[in-house]
Amino acid sequence: MRTALDNPFSPGSDTIPEVWAGRTEQLSDWRDVVRPRRLAGLPERGRTILGEPGLGKSSLVRRIAQDSARAGDWATPQLRIPAGADPLKLVAEAVLGLANAAGLPSAREKRINDAIARVQAVAVSGISLTLRGADGREPYAALTELLVEVGTAAVANGRVVALIHIDEVQNITDEKALSQLLIALGDALSHEIEVEVPGGARVSRSLPIAVYLTGLPDFEDMAGARKGATFARRFKTTTLSAIDDEDLAEALQEFVLDGWQVADAGGSAGRVRMEPGAAAAIVDLCRGEPFLFQLAGEQAWYAGTSSTITAAQVRQGWRGAQREATAHVERILERLPPRERQLLQAMAGLPTSERTATRIAEAMGFSKVTEVGPTAQRLDTVRGIIDRGKPYTFRHRAVEAYLTSDWPRS
Ligand SMILES: Nc1ncnc2c1ncn2[C@@H]1O[C@H](COP(=O)(O)OP(=O)(O)OP(=O)(O)O)[C@@H](O)[C@H]1O
Ligand SMILES: [Mg+2]
């Protein structure tokens, strides 16, 4: 009944998880704001979704792209930028894909053929094209030009949006390439064309193009600070934090109420249920981390073969997952600059009611409370790991549990 083949949990795999929890705000931002506004020709910024490792950034935008493709849109595959790679080549390749979806290669206009040829050159040479300056045009201009053609074709179609998803954006370390990329996408987003409305009047409208960038919070430093105002004006940044317990519980409710449908060995359908206590235990153990939620679910699934997952099986499965859960949190902590890690440790060492800036500064050995300011601010606004209320609290509940208790041991 419960086998590796029918297990619906997927820790770490780069797919859209079958057992999906929460993120309703971001999904409805796409469905109710970004897509309809861009489709209607209204201006709407691109979206940047950042967050610590494993918070579900890639899955979220993959799901948005799936939604989009199902609505008939032209969506690029998730473009993952490997460390040090030239992002312009990858993006040029993807824009050519969008041009194909829009049927542009069969167009007879010279303008369009030239635009395609220029982006083909970018796909081959990337940022190095800047240096050669083949026809005096920078790579970003070629990308924008073709995106505008794609957008214009989408306007003519009337019902589709061209969606671009670039993942692991923190890996774009070449400043020139980053700036070219952000300008290309930003210019396409803010480009307006004139269209004729019923009655013959001409009005300008934005193009039905949507852009999602996803990656680690470090991207904010690279793009936000240095590229400055232009980037901030054209993209809206969201930092993901832990998923609410209610959302996680709701995701498991299908197991509790009706049972999760699986195919039996004989091919007939069976259902795998969960004791309410088993669902509650999974929610409790994973501390809002989507990755640990999938991990706890997977291990519980494998902890028995009967048609009901029990609370004891969840705990037994978790014992096998503890090392991985520890490694997950340690990976997050190890990535932090030493000062930020120190602050978290100082904060964790204090009783919850005493986690004030003053006490934390003392614990860190600072003479002035203002010295913790910038570090605390980064942990709050850039990373979403803490909340600088009075007192400070942890938003990253797995980090809190790891630093303040025996967790993940249960
Ligand atoms: N909304 C969700 N509900 C349930 N599980 C989720 C959700 N989002 C992501 N997950 C699971 O969490 C894990 C991590 O997701 P994902 O790879 O998308 O995170 P990420 O933020 O892109 O991580 P990284 O920074 O390592 O790239 C995956 O196992 C995925 O299945
Ligand atoms: Mg990812």
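The legends below describe close-up views of a predicted model of one protein chain with a bound ligand.

**Figure 1. The protein chain as a whole, with its helices and strands.** The predicted model contains 17 helices and 13 strands in the protein chain. Along its principal axes, the C-alpha trace of this chain spans about 70 × 70 × 45 Å. Of the 410 residues in the protein chain, buried residues make up 51%, and the accessible surface comes to about 18200 Å², with 49% of that surface belonging to carbon and sulfur atoms. When contacts in the chain between residues at least 6 apart in sequence are considered, 73% of them join residues at least 24 apart.

**Figure 2. Ligand 1 in the largest pocket.** Ligand 1 sits in the largest pocket, and of the 23 residues around the ligand, those that come nearest are Gly 12, Ala 21, Lys 57, Ser 58 and Ser 59. The elements that give two or more residues to the shell around ligand 1 are α2, covering residues 57-70, and α12, covering residues 290-302. Of the elements in the chain, α12 gives the most to this shell, with 4 residues.

**Figure 3. Polar atoms of Gly 12, Gly 56 and Gln 294 beside ligand 1.** A backbone N or O atom of Gly 12 lies 2.6 Å from an oxygen atom of ligand 1, and a polar backbone atom of Gly 56 is 2.9 Å from an oxygen atom of the ligand. At Gln 294 a polar side-chain atom takes part instead, lying 2.8 Å from a nitrogen atom of ligand 1. Taken alone, ligand 1 exposes 630 Å², and the protein buries 91% of that area.

**Figure 4. Glu 44 in the loop between α1 and β1.** Glu 44 is found in the loop that runs between α1, residues 24-39, and β1, residues 46-50. With a relative accessibility of 15%, Glu 44 counts as buried, because the limit for a buried residue is under 20%. Its side chain is joined to that of Arg 47 by a polar contact of 2.8 Å. When neighbours within four places in sequence are left aside, Glu 44 is in contact with Val 33, Val 34, Arg 37 and Arg 38.

**Figure 5. Ala 311 in helix α13.** Ala 311 has its place in helix α13, which covers residues 311-335, and counts as buried at 13% relative accessibility. Leaving aside neighbours within four places in sequence, the residues in contact with Ala 311 are Glu 275, Gly 277 and Ala 278. Ala 281 is 30 residues away from Ala 311 in sequence, while the two are 6.5 Å apart in space, C-alpha to C-alpha.

**Figure 6. Ser 204 in strand β6.** Ser 204 is found in strand β6, made of residues 202-206, and is partly exposed, with a relative accessible area of 46%. This value leaves Ser 204 partly exposed because exposed residues are those over 50%. Not counting residues up to four places away in sequence, Ser 204 touches Glu 192, Ile 193 and Glu 194. Ser 204 and Leu 42 are 162 residues apart in sequence, and their C-alpha atoms are 9.5 Å apart in space.

**Figure 7. Backbone at Arg 23 and Arg 287, each with a positive phi.** Most residues other than glycine have a negative phi. Arg 23, although not a glycine, has a positive phi of about 60°; this residue lies in the segment before α1 and counts as buried at 10% relative accessibility. Arg 287 likewise is not a glycine and has a positive phi of about 50°. Its place is in the loop between α11, residues 276-286, and α12, where Arg 287 is partly exposed, with a relative accessible area of 23%.

**Figure 8. Cis peptide bonds before Pro 391 and Pro 408.** Most peptide bonds are trans. The bond that joins Lys 390 and Pro 391 is cis, with omega about -5°, and Pro 391 has its place in the loop between β12, residues 386-387, and β13, residues 393-394. The peptide bond from Trp 407 to Pro 408 is also cis, with omega near 10°, and Pro 408 is found in the segment after α17, which covers residues 397-404.

Key: Residues are numbered from 1 along each chain as its sequence is written. Chains are lettered from A and ligands numbered from 1 in the order in which they are written. This is a predicted model: local features need pLDDT of at least 70, side-chain atom pairs count only at pLDDT 80 or more; totals for chains, interfaces and linings use all residues. Side-chain values use heavy atoms; hydrogens and water are left out. Buried means under 20% relative accessible area, exposed over 50%, partly exposed in between (1.4 Å probe, protein chains only). A polar contact is a pair of N or O atoms within 3.5 Å; within protein, one must be able to donate a hydrogen and the other to accept it, and residues adjacent in sequence count only if both atoms are side-chain atoms. Contact means heavy atoms within 4.5 Å. A residue is near a molecule or strand if one of its heavy atoms lies within 4 Å of it. Accessible areas come from the Shrake-Rupley method with a 1.4 Å probe; for residues, only the protein chains shown count as cover. On a 1 Å grid over the protein atoms alone, a cavity is a set of points where a 1.4 Å probe fits but cannot get out, and a pocket is an open set with protein on both sides within 12 Å along at least five of seven lines; lining residues have an atom within 4 Å of a point. A molecule sits in a cavity or pocket if more than half of its atoms lie within 2 Å of its grid points.
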